[in-house]
Amino acid sequence: MPEGTPLVTSTGPHDLWTPIEAAHRRWRQLNRPRREWFSIEATPAQQTVTYTAPNGRVHRWTI
């Protein structure tokens with residue numbers, strides 16, 4: 001396994017890496033919920049990911 005900090009190069013019109021890192025941080029903050037605890041809703045207007053925590057708090061992200 002390589003040593004040191006991994007390097008990611010981002011090119012193109014959209015930065016995809018920053019939102020992925022933010023989502024990973026949030027997933028860890030939520031105590032790493034299992035993927036089957038999430039739902040995805042897709043409409044012609046938007047796509048949404050939802051997770052309802054055991055305490056009833058709803059987390060929703062528009063993608």
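Let me begin with strand β2, where the side chain of Thr50 makes a polar contact with the side chain of Arg60, at 3.4 Å. I should say at once that what we are looking at is a predicted model, so please hear everything that follows as a description of that model.

Thr50 has its place in strand β2, and at 14% relative accessibility it counts as buried. If we set aside residues up to four places away in sequence, Thr50 touches Trp37, Phe38 and Ser39, and also Val58, His59 and Arg60. Arg60 therefore appears twice for this residue, as the partner in the polar contact and among the residues that Thr50 touches.

Thr48 belongs to strand β2 as well, which covers residues 47–52, and with a relative accessible area of 6% Thr48 is buried. Its side chain makes a polar contact with the side chain of Gln46, at 3.5 Å. Leaving out neighbours within four places in sequence, Thr48 is in contact with Ser39, Ile40 and Glu41, and with Arg60, Trp61 and Thr62.

That brings me to the aromatic residues. How many aromatic pairs does the count come to? By the rule used here, there are two aromatic pairs. In one of them, the rings of Phe38 and Trp61 have their centres 6.3 Å apart and their planes at 35°, so this pair is tilted. Phe38 lies in strand β1, residues 38–42, while Trp61 lies in strand β3, residues 58–62, and so the pair ties together parts that are 23 residues apart in sequence. As for exposure, Phe38 is partly exposed, with a relative accessible area of 25%, and Trp61, at 29% relative accessibility, also counts as partly exposed. Phe38 and Trp61 form one aromatic cluster together with Tyr51.

Finally, let me turn to helix α1, which runs over residues 17–29 and in which Ile20 has its place. Is Ile20 buried or partly exposed? At 46% relative accessibility, Ile20 counts as partly exposed. Together with Val8, Leu16 and Trp17, Ile20 forms a nonpolar patch on the surface, and the accessible area of these residues together is about 390 Å².

To bring the strands back into view before we discuss, Thr48 and Thr50 are the buried residues of strand β2 that I described, and the tilted pair of Phe38 and Trp61 links strand β1 with strand β3.

Methods. Residues numbered from 1 in each chain as written. Predicted model: local features only at pLDDT ≥ 70, side-chain atom pairs only at ≥ 80, totals over all residues. Heavy atoms only, no water. Phe/Tyr/Trp six-rings, centres within 6.5 Å; stacked < 30°, edge-to-face > 60°. Helix = DSSP H or I, 4+ residues; strand = E, 2+ residues; numbered from the N terminus. Buried < 20%, exposed > 50% of the residue type's maximum accessible area, 1.4 Å probe, protein only. Patch = residues over 30% accessible without salt bridge, like charges linked within 9 Å, V, L, I, M, F, W, Y side chains within 5 Å. Areas by Shrake-Rupley, 256 points an atom, 1.4 Å probe, with all protein chains shown as cover. Salt bridge = Lys/Arg side-chain N within 4 Å of Asp/Glu carboxyl O. Polar contact = N/O pair within 3.5 Å; in protein donor to acceptor, adjacent residues only side chain to side chain. Contact = heavy atoms within 4.5 Å.
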